[in-house]
Amino acid sequence: MEGKLQFENERLAMRVSGVSVGVNAGLFVMKLFAGIFGHSSAMVSDAVHSLSDVLSTFAVIVGIKLGAKQADGDHCYGHERLKNITELF
């Protein structure tokens with residue numbers, strides 16, 4: 001039962017992360033377009049901020065995937081703490 005719950009949580013986190021990447025990538029493109037054609041350095045700067053949100057979400061995705069690995073010979077308690085390490089980035 002616990003394994004199934006963990007799988008569902010991982011699946012939900014991946015879905016939310018995918019939506020976040022899509023929305024922020026769209027915002028990046030629109031803000032960059034508006035900033036360039038509107039001659040607004042503030043809008044271009046905000047576009048870069050949206051791009052950084054995309055990159056940090058990719059770090060979350062990597063952390064979820066690595067943290068979901070089961071225990072092995074070198075990591076007898078699993079790899080769950082890798083999620084915390086990727087949060088530092």
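**An exposed aromatic pair in helix α1**

F37 is exposed, with a relative accessible area of 58%. This phenylalanine is found in helix α1. The model is predicted, and the values below are computed from it.

The mean pLDDT of the protein is 81. A value of 70 or more is reached by 67% of the residues. Confidence varies between helices. The highest mean, 89, belongs to helix α2 (residues 41-67). The lowest, 65, falls in helix α3 (residues 82-88).

One aromatic pair emerges from a search of the whole structure. The partners are F33 and F37, whose ring centres lie 4.5 Å apart. Their planes meet at 55 degrees, so the pair is tilted. The angle is neither under 30 degrees, as stacking would require, nor over 60, as an edge-to-face pair would require.

The sequence spacing of the partners fits into the same picture. F33 and F37 are four residues apart in helix α1 (residues 2-37), and therefore about one helical turn separates them.

Accessibility was then examined for the partner of F37. F33 is exposed as well, at a relative accessible area of 53%. The cut-off for this class is over 50%, so F33 at 53% qualifies, and so does F37 at 58%.

The two rings also belong to a wider surface feature. F33, I36 and F37 make up a nonpolar patch on the surface. Together, these three residues present about 360 Å² of accessible area. The patch thus includes both members of the tilted aromatic pair.

How values were computed
Residues are numbered from 1 along each chain as its sequence is written. This is a predicted model: local features need pLDDT of at least 70, side-chain atom pairs count only at pLDDT 80 or more; totals for chains, interfaces and linings use all residues. Side-chain values use heavy atoms; hydrogens and water are left out. Rings of Phe, Tyr and Trp (its six-membered ring) pair if their centres lie within 6.5 Å; planes under 30 degrees apart count as stacked, over 60 as edge-to-face and the rest as tilted. Helices (H or I, at least four residues) and strands (E, at least two) are DSSP runs, numbered from the N terminus. Buried means under 20% relative accessible area, exposed over 50%, partly exposed in between (1.4 Å probe, protein chains only). pLDDT is the predictor's confidence in each residue, from 0 to 100. Patches are made of residues with over 30% relative accessible area and no salt bridge: like charges are joined within 9 Å, nonpolar side chains (Val, Leu, Ile, Met, Phe, Trp, Tyr) within 5 Å. Accessible areas come from the Shrake-Rupley method with a 1.4 Å probe; for residues, only the protein chains shown count as cover. A salt bridge is a side-chain nitrogen of Lys or Arg within 4 Å of a carboxyl oxygen of Asp or Glu.
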